[in-house]
Amino acid sequence: MIREVLSRFPFSLMPTIVMLVFVVFFLSMVFWLYRRGSTDFYKKIEQIPLKEDGE
Amino acid sequence: MNDLTQKPHDESQYETFSYDDNLVKYFIYGTLFWGLVAMIAGVWAALQLADWRFNFGLEWVSFGRLRPIHTNAAIFAFVGNAMFAGVYHSTQRLCRARLYNDFLGRVHFWGWQLIIVLGALSLGMGNTMGKEYAELEWPLAIAIAVIWVVFAVNFFGTLWRRRERHMYVALWFYIATIVTVAVLHIVNNISIPIDFMKSYPIYAGVQDALVQWWYGHNAVAFFLTTPFLGLMYYYVPKAAMRPVYSYRLSIIHFWSLVFIYIWAGPHHLLYSSLPDWVQTVGMVFSIALWAPSWGGMINGLLTIRGAWARLRTEPTLKFMATAITFYGMSTFEGPLLSIKSVNALAHYTDWIIGHVHSGTIGWNYMLIAGILFYMIPKIWKTEIYSIRLANWQFWLATFGVLLYIVSMWTAGVTQGLMWRAVDEAGRLVYPNFVETVIRILPMYYVRAVGGFLVLISFVIMLYNFFKTIQGAPKDIPVEKFKALPLIHQRVVHGEAAHRRIEGLPFIFSILATIAILVGSVVEIIPSLIAQNFVERDSRVGPYTPLEIAGRDIYITEGCYLCHSQQIRPMVAEKLRYGDPSTAAESIYDRPFQWGSRRIGPDLARVGGKYPDMWHYRHMWNPREVISQSIMPSYEWLFKKKVDFEVIPKKIRVMKALGVPYTDEQLADAVILAKAQAEMITEGLIASGVPSSVKDKEIIALIAYLQRLGQDTKERTKEEVVND
C-alpha cells in the first residue's frame with residue numbers, strides 16, 4: 001500500500017511543497033518572536049552567560 | 001562564594017556546588033594532542049599528492065589510508081575533543097550545576113580516546129567501511145554509539161539538575177547536536193558483519209549514496225557547525241563582555257538551521273543517478289541555508305560591536321572574530337557550490353577541498369583557539385604566557401589557511417575547466433587525464449606550504465599553552481558556588497508556551513528531533529521502499545566471488561578517495577568516460593563507490609579499457625604506464641594473498657541482503673574465485689608474470705577493475721562470441 005502510494009506520488013512537486021512548509025514555519029516563528037511584550041524577556045535571557053560564575 | 005541567583009531568599013534554600021573542570025582539562029589535553037596529530041597527517045597527505053614519493057612505499061600510510069586517518073583525526077579527535085571541552089565547560093555554567101556524573105564524564109573521555117586510537121590503527125590496517133567520514137568498522141561504530149549515549153546521559157542529566165530555569169540558546173544547539181549525530185550515526189552505520197572488522201551496509205548503490213551523504217553533509221552540519229555555534233553564543237559574549245547582539249535572531253538562527261540543514265545532503269550527488277527531485281530538494285535547501293547561516297554570522301560579529309578595539313590586544317576575540325568571518329565565507333561558498341551549474345564545474349575538483357578546509361581550519365580551528373585562549377587562563381587561574389606568540393600563531397594560521405584555500409580554488413577551477421574543454425570539432429582538448437593533474441601540481445605544493453604554516457601555528461599554540469599551564473599556581477582550591485534550586489525559583493504566571501518548552505529539555509529535544517527527522521524521512525524513505533526509485537536493468541548482474549574480493553581490496557586501499565565511479569550526464573564526461581552512469585548499475589554495490597574526488601580519472605567504465613597486464617604494471621609502478629602519474633605504488637598487493645576462505649561468508653551476507661546469488665554459487669564460491677584467478681593469471685603468464693601471483697590480491701583487484709562498466713557496455717558480435 002505504502003509502496004504503491006509512494007510510487008504514484010508526484011515527487012517533482014516536493015521542493016515546492018517543502019519550501020512552502022518551511023516558509024509557513026519560518027513566518028510563524030518570526031511573528032511569535034516579535035509579539036508584543038516579549039522584549040523584556042529576551043533582554044533578561046541574553047544576560048545568562050554574563051552572570052557571575054566565578055570567572 | 002558566589003550567589004548565582006542574585007535574588008534575596010532564605011539562606012537555607014541555597015545549594016552549594018562546584019564545577020567539574022578536571023574533565024574539561026582532560027578534553028583540552030585531548031584537543032591539543034589530536035589537533036597536532038591531525039595536522040601532521042594532513043600535511044603529510046598534502047605532500048603525498050604533491051610528490052608520490054612521500055608515500056614511502058608504506059602500506060599503512062599510503063594516501064588512501066592516510067587521508068581517512070587525517071579526516072577522522074581532524075573531525076572526531078581534534079574538533080570532537082574541543083567540542084566536548086567547550087560543551088562541558090559552558091553547560092555547567094549555563095545550568096549553574098555540576099555535571100550530572102563525574103564517573104560518566106571519565107568514561108566518556110577515556111572511551112572516546114580509546115576509539116580514536118583504535119580507529120587510527122584500524123584505518124592504517126585498511127579496515128574501512130569505505131564511506132567518507134564513516135569509515136570505522138562496526139565494532140568501533142557501536143563503541144561510538146555507546147560513548148555518545150554516555151555523553152548524552154551526562155549532558156541531559158546536567159540539564160535535569162540545572163538551577164537556571166531558562167535553557168540559553170547555546171544549550172539548544174548542543175541538544176540538536178547530540179540528538180542528530182546519534183540519528184545520523186546509527187542510520188548510516190547499519191550493516192551486517194562478515195567478520196570482526198568487515199561488514200556490508202544494508203543499503204546499496206543509490207540508496208547507500210543518499211544515506212551516506214545525508215550523513216556526510218550533516219556530520220559537517222551537526223558535528224562541526226551546530227555545537228560550535230552553541231559555543232559561539234556562549235564564549236563570544238563572555239569574551240566581548242556584552243550580551244549576544246540579538247537573542248531573537250539566535251532563535252531564528254537555531255530553528256531555521258536545524259530544519260534546513262538536514263535536507264541539503266543530496267547536493268553532494270548533483271548530476272548523479274540520484275532521482276532529479278531529490279537533487280533539486282538538496283539544491284534548494286542548500287541555497288536557503290544562506291539565510292540562517294549569515295544570520296548567525298552577523299549575530300556573532302555584531303556581538304563584538306563596541307569591543308573591536310580589543311581585537312588588537314586580546315587573542316581570544318581576534319581568533320573568534322576571524323572564525324566567525326570564515327564561517328560566513330564558507331557558508332556563502334557552500335550554497336554557491338550547491339547550485340547545479342556551479343557544481344557542474346566544481347564537483348570532483350579541489351575547489352571542494354578548499355571549501356571544507358576554510359570551514360575546518362578557518363572556522364573550527366580559529367574558534368577552538370579563541371575558546372582555549374579564553375578557557376585555559378580561567379580554569380588554571382593564570383594569565384596567557386605570551387600574547388606575542390599568540391599573535392604569531394594568529395597570523396601564521398591566517399596566512400596558511402588563505403594559501404591553502406586560494407591554491408585549492410585555483411586548482412579546482414583549472415581542473416574543472418580542463419576536464420570540460422571541447423574544441424570546435426567536438427573533441428576533448430585534454431583527452432589525457434594526467435595532463436589535468438600535472439597542470440595543478442604547483443598548487444599542490446602551495447597547499448602543502450599553507451598546511452605547514454597552519455601546523456607551525458598550532459605548535460606555537462601548544463608551546464604557549466604548555467608555558468601558561470606550567471606557570472599556573474599549583475593546588476588551586478576548588479571554588480564553591482551557591483544558587484537556588486529550580487523548585488524555589490519563582491515561576492512567572494502567564495509564561496508563554498515556548499518559554500515552558502524551552503524549560504523542558506525532554507520536550508524541547510523531541511521538537512528538535514522532529515525538525516531534523518522531517519527532512520530525513522521525506523528524502524530517504526522513498527529511496528528505501530518506492531519500487532520506481534531505482535530503474536532496474538536486466539543486464540546488470542552481481543559480482544563474481546573473486547570480484548567481490550577485489551572490490552574489498554579496492555575499498556581497503558581507499559581507491560574511492562581519488563577515483564569516482566559516477567559519470568555525469570555532460571558532453572565532456574561522455575567523451576572522456578562513456579555513457580552516464582545509471583542507478584541500476586550500482587544496485588549491487590555495498591557500499592557504493594561513487595567517490596567525491598577525481599585526483600585520478602573516473603573508473604565507472606574502466607573495465608575492458610586496458611588489458612590485464614596494463615593494470616598489473618600500473619599497480620606495481622604507475623609510472624611504468626603513465627610516466628607523469630602521481631599515484632602511489634601498491635607493491636604489497638603482489639605479496640599479500642587473497643583470503644579465499646572468507647569469500648563464502650561475504651556471498652552469504654550479500655545473499656541475505658537480497659543479491660541474487662544461487663545456492664550453487666554460494667557453495668562453490670571458493671572454487672569459482674580460484675578458477676577466475678587462474679584464468680587471469682594465465683593471461684598474465686604469457687607476458688612473463690610468474691604463476692605464483694595467482695592467489696595474490698592484485699589478481700582479485702584486476703578482476704574487479706575489469707568488471708566495472710562491463711554489464712551495460714554495448715558489445716560487438718565478436719565480443720559476445722568470445723565471452
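Chain A has an accessible surface of about 3700 Å², and 69% of that belongs to carbon and sulfur atoms (areas by the Shrake-Rupley method with a 1.4 Å probe, where for residues only the protein chains shown count as cover). This is a predicted model, where local features need pLDDT of at least 70, side-chain atom pairs count only at pLDDT 80 or more, and totals for chains, interfaces and linings use all residues. Residues are numbered from 1 along each chain as its sequence is written, chains are lettered from A, and side-chain values use heavy atoms, without hydrogens and water.

Of the 55 residues in chain A, 29% are buried (under 20% relative accessible area, 1.4 Å probe, protein chains only). Chain A has 3 helices and 0 strands (DSSP runs: H or I of at least four residues for helices, E of at least two for strands).

Now for a pocket. The second largest one has a volume of about 830 Å³ (a pocket is an open set of 1 Å grid points where a 1.4 Å probe fits, with protein on both sides within 12 Å along at least five of seven lines; lining residues have an atom within 4 Å of a point). It is lined by 42 residues, and those closest to its centre include His563(B) and His618(B). Here is how the lining divides:

| Kind of residue | Count in the lining |
|---|---|
| Nonpolar (Ala, Val, Leu, Ile, Met, Phe, Trp, Tyr, Cys, Pro) | 27 residues |
| Polar (the others, Gly among them) | 10 residues |
| Charged (Asp, Glu, Lys, Arg) | 5 residues |

α20(B) gives the most to this lining, with 4 residues.

Note on methods: Points joined across faces, edges and corners; volume = space filled by probe spheres on them. Buried < 20%, exposed > 50% of the residue type's maximum accessible area, 1.4 Å probe, protein only.
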